[in-house]
Amino acid sequence: MAAVMVLSQARPKLKQEPQPGSGLKSDCLGNLMRLSLDKALAVGNQLEVEAINGTQSVVLTPNLAAQCGYSMESDPWGNTRIYSSLMGCYVGNRDDTTFNLGLRLHMYSESSPQVSSHDVPQTCSYSQWASREILCDRNYMEVSHLMPKLDSPADVKKPDDSKSNAIPGASDQETGIWKVTFYTPEPVVMVLKEAEQAGYGATVTPNRLVMRSPYNMAETYHEDVAGVPMEVFKVSTFYKTFQGMNVANMAAACPTGGVIFTEDVIAWHVPRRLTPVMDPGFSLREMHMGVNGQRLAQAQMSARGYTLSLTDFHFVIEIPVGSADGYNKSHAPDGQYHTSFSVEPMLEVLWREEGSREDARYKVLFPITTPLAPRPPQVYDYTDPENRLFMVYVGTFLHDVELRNITFSDGVLSVEESNAKGFLVQEQSHPGGLKSFSLQVPFDADNVLKHNPERLVTHYFLPLEFSFVIHPEETPFSQKVELEASLEDVVLPTLTGTCDDNLFYVTGKYGSGARDFQMMLGARLVTPDLRQRYRFYENATHFSVVVPYAAQDVVYESLSVESVRARLDLLLWEPNNKWPITDLFLTCHFPMTTTKCFSNGTVSAVAVKVESVPNLVPSWLTLRDKSCGPVFSNDHFAQFSFSVDSCGTTRTFFDQYMLYENEIGLHYGEGVAYTSPIDPEYRQTVSCYYTVNDTQSIGFSYKPQSTQPAAEIGTGQFVVQMRLAHDSAYDAFYRAEDYPVVKYLREPIFFEVELMQSDQNLVLVLENCWATLYEDRTSVPSWDLIVNRCENQDDGYVTRFHPVAADSRIGIPSHAKRFSFNMFTFAKDGEVLQSQIHVHCDAAVCDPGSQSDCSSRCQTPASHPSAFQAAKGQHRGRRSAGHQLSSGPILLRAQ
């Protein structure tokens, strides 16, 4: 509510309510009338006060109110008190004992054009006037003297005792005040009209002479009395009676300070000897304390903790801070929470000066507000780790503080939104009208930040900012809070595994922690490509991978004639702190025949790189005759094929058996094995047993043949290898350990595919060749290089075949095929997918003597250079059966 006495504006339509409703109360308090408005009536409105003067009403502006003896006090919530001196203007006065006062209140609301009005009439009876009365209100000083009783001439008619007190400007009277002399302390003379125009009030009632001055006028002055600052109003009043001219010396002195504050008590000091208004000799007759204009009895004072005491120099009133007769108020200067306390004590004193039979009454209404006191909110952390719950209390605050919203790490939520999200926000009430606010947030809420300072420990962190507003001003302030808790609550992931004849199967169960761990297979980090290759799958609780036993990341522990013992090492790794989370070492035996002995004297053997020789390169292995190297090798295996009468094979007879033996190893001389100072010696013995003499019983019967005899078709193995040449000379090739090979974009790449057999009647045919983004030959995207023995017609830069001539290395040219293409990379929607390719071929061995077609029939490929782009698309050809060949990765180097 706006605590103003007047609104200078056009008047809206009035809604008259002649009878005061609830929320209005008037009281007679000695020489004052008090009208109280409850906030329920005044809240949200602006108040205009008019004094009813007969049939007219006069708007009480702030200046007119101080001149006429009216004051108003309103707290921030609309509780309002209006005081009127019984000696004030527009008060009906009957013989200075009965006083009739009428006020009209207009309530203006911003939400409605209607104006609510209330007429408040009040009659007060008061006859205990002292000879001299001094009244100090919040906006004016008033002094009145009892005029001496003088007999008037019989033929002179007395004035009507029932008229209203004089009002400013109405001075054309046969009796009354003529002029006044102010003392500042220098004399300043004004006639009545001049004094009233200056803002002073001067009134003659049936028995009393009244002078009134607002504070801080030009004709008042300040004086220090017993250490208390006072404002003094001194005046000599010249007034006319029927007997002639009289003069009255009048003075009022009102305190403007004298308050001492402690944290708990307000001590208000008023000088005991008011030297500006009293003589040195006096006797104290009465002293009383009151609040809000209402005198209090001693029992009431004791119950509220008030004291009124007298020292040699002062009257002292002590009031506890926060007492029920005042009010507390919140403030937030610079966003920091403060409080103040306001109260309006009253001191009323009656004294009699020595040698006089006349009393003087001194009454002061003195509003006091304590300085702003910082009250930083206290934060009480009652976090309950056992129940995984953050609990915090913030407070205490006064009743005018509201919690508006809470800022979390991921946004701002109102109180209603916080409760709807499952966070319990409550307002707690405390004695003395105080309040606090509580918040509960589960550890598992999305707003809680989490990290793991140790492998099994989770640290929970909840940063908060409570945003408050102070009513009714809507002043904002905030309080930041940080809550933390640590729990050893991490459940680590678990790994289990099984095997079949060809694959490792690993299943993992997620734990309670974050899933941002990395997976390592052997020494390699599992990239997205490896996840695809090893068929990684996950759901909300589990994940799995499937790894072939012949994969690059598998370790071979030992080798026997019928199986290989292989191990898959899997590690889950937290990359930020470099913590191992969990691991699995899965070991299985996989069926593998390392040596095959054929009846025609041919032996096939496979050597395996085992863990005990980690630096072994299988392609370096040879038989005893070091010219007999592997027909095929990669990072794990080397395959040999030889006859029992070659490559340093030995023969030993045992009764009915012959034993052929050779040895796979690293040899640098005739039959001598190589040993490394770092790696153990690698030797693998190859043995075949044959029966020397054997008797077979054959039963037969004769039956005429209807067809010519024919040889039974047998089966065997051809070894075909594909190698990447350094250049078009095809005399130097990249080895397995050289991969990945790096090439520039559109740099020619030369491949050779060779049949490793000596039968000159055979011909090697390239059925299809293609490139893929991944190692898996069946993966997509892919691009055809050779389709059905011919260059890809869809490629603007066609794959080229190169002729093969016999030389010291190629004994049979029909056993080799050479081709080249320009380096490219795969792209999708203009974006390079990955800067590497893998090349694969399907090869067939053909016998020209049969009815098989061993040649390629191709048309000259059409040239479509405009259709070619360096980034390839999807493969569109088909794959044929036969020998399946693949290269290692070829990487694209930036220009």
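Here a residue is called buried if its relative accessible area is under 20%, exposed if over 50%, and partly exposed in between (1.4 Å probe, protein chains only). By that yardstick Trp178 is partly exposed, because its relative accessible area is 39%. This is a predicted model, so local features need pLDDT of at least 70 and side-chain atom pairs count only at pLDDT 80 or more, while totals for chains, interfaces and linings use all residues. Residues are numbered from 1 along each chain as its sequence is written, and side-chain values use heavy atoms, with hydrogens and water left out.

Back to Trp178: this residue belongs to strand β13 (residues 176–183), where strands are DSSP runs of E with at least two residues, helices are runs of H or I with at least four, and both are numbered from the N terminus. Together with Val191 and Met245, Trp178 makes up a nonpolar surface patch with about 270 Å² of accessible area. Patch members have over 30% relative accessible area and no salt bridge; nonpolar side chains (Val, Leu, Ile, Met, Phe, Trp, Tyr) are joined within 5 Å and like charges within 9 Å. A salt bridge puts a side-chain nitrogen of Lys or Arg within 4 Å of a carboxyl oxygen of Asp or Glu. The areas come from the Shrake-Rupley method with a 1.4 Å probe, and for residues only the protein chains shown count as cover.

Now for the rings. There are 34 aromatic pairs in the structure, counted when ring centres of Phe, Tyr and Trp (its six-membered ring) lie within 6.5 Å; planes under 30 degrees apart are stacked, over 60 edge-to-face, and the rest tilted. One of the pairs is Trp268 with Phe366, stacked at 5.0 Å centre to centre with 10° between the planes. Trp268 sits in strand β21 (residues 265–271) and Phe366 in the loop between β29 (359–365) and β30 (368–369), so this pair ties together parts 98 residues apart in sequence. Both Trp268 and Phe366 are buried.

Tyr337 and Phe397 meet edge-to-face instead, at 5.3 Å centre to centre and 75° between the planes. Tyr337 comes from the loop between β26 (327–331) and β27 (338–343), and Phe397 from strand β33 (residues 389–397), 60 residues apart. Tyr337 counts as buried because its relative accessibility is 4%; for Phe397, also buried, the figure is 0%. Ring pairs join these two with Phe437, Phe466, Phe468 and Phe477 in a cluster.

Charges turn up over rings too, meaning NZ of Lys or CZ of Arg within 6 Å of the ring centre and within 35 degrees of the ring normal. Lys179 has its charged end over the ring of Phe238, 5.0 Å from the centre, and Arg531 lies over the face of Phe536 at 4.2 Å.
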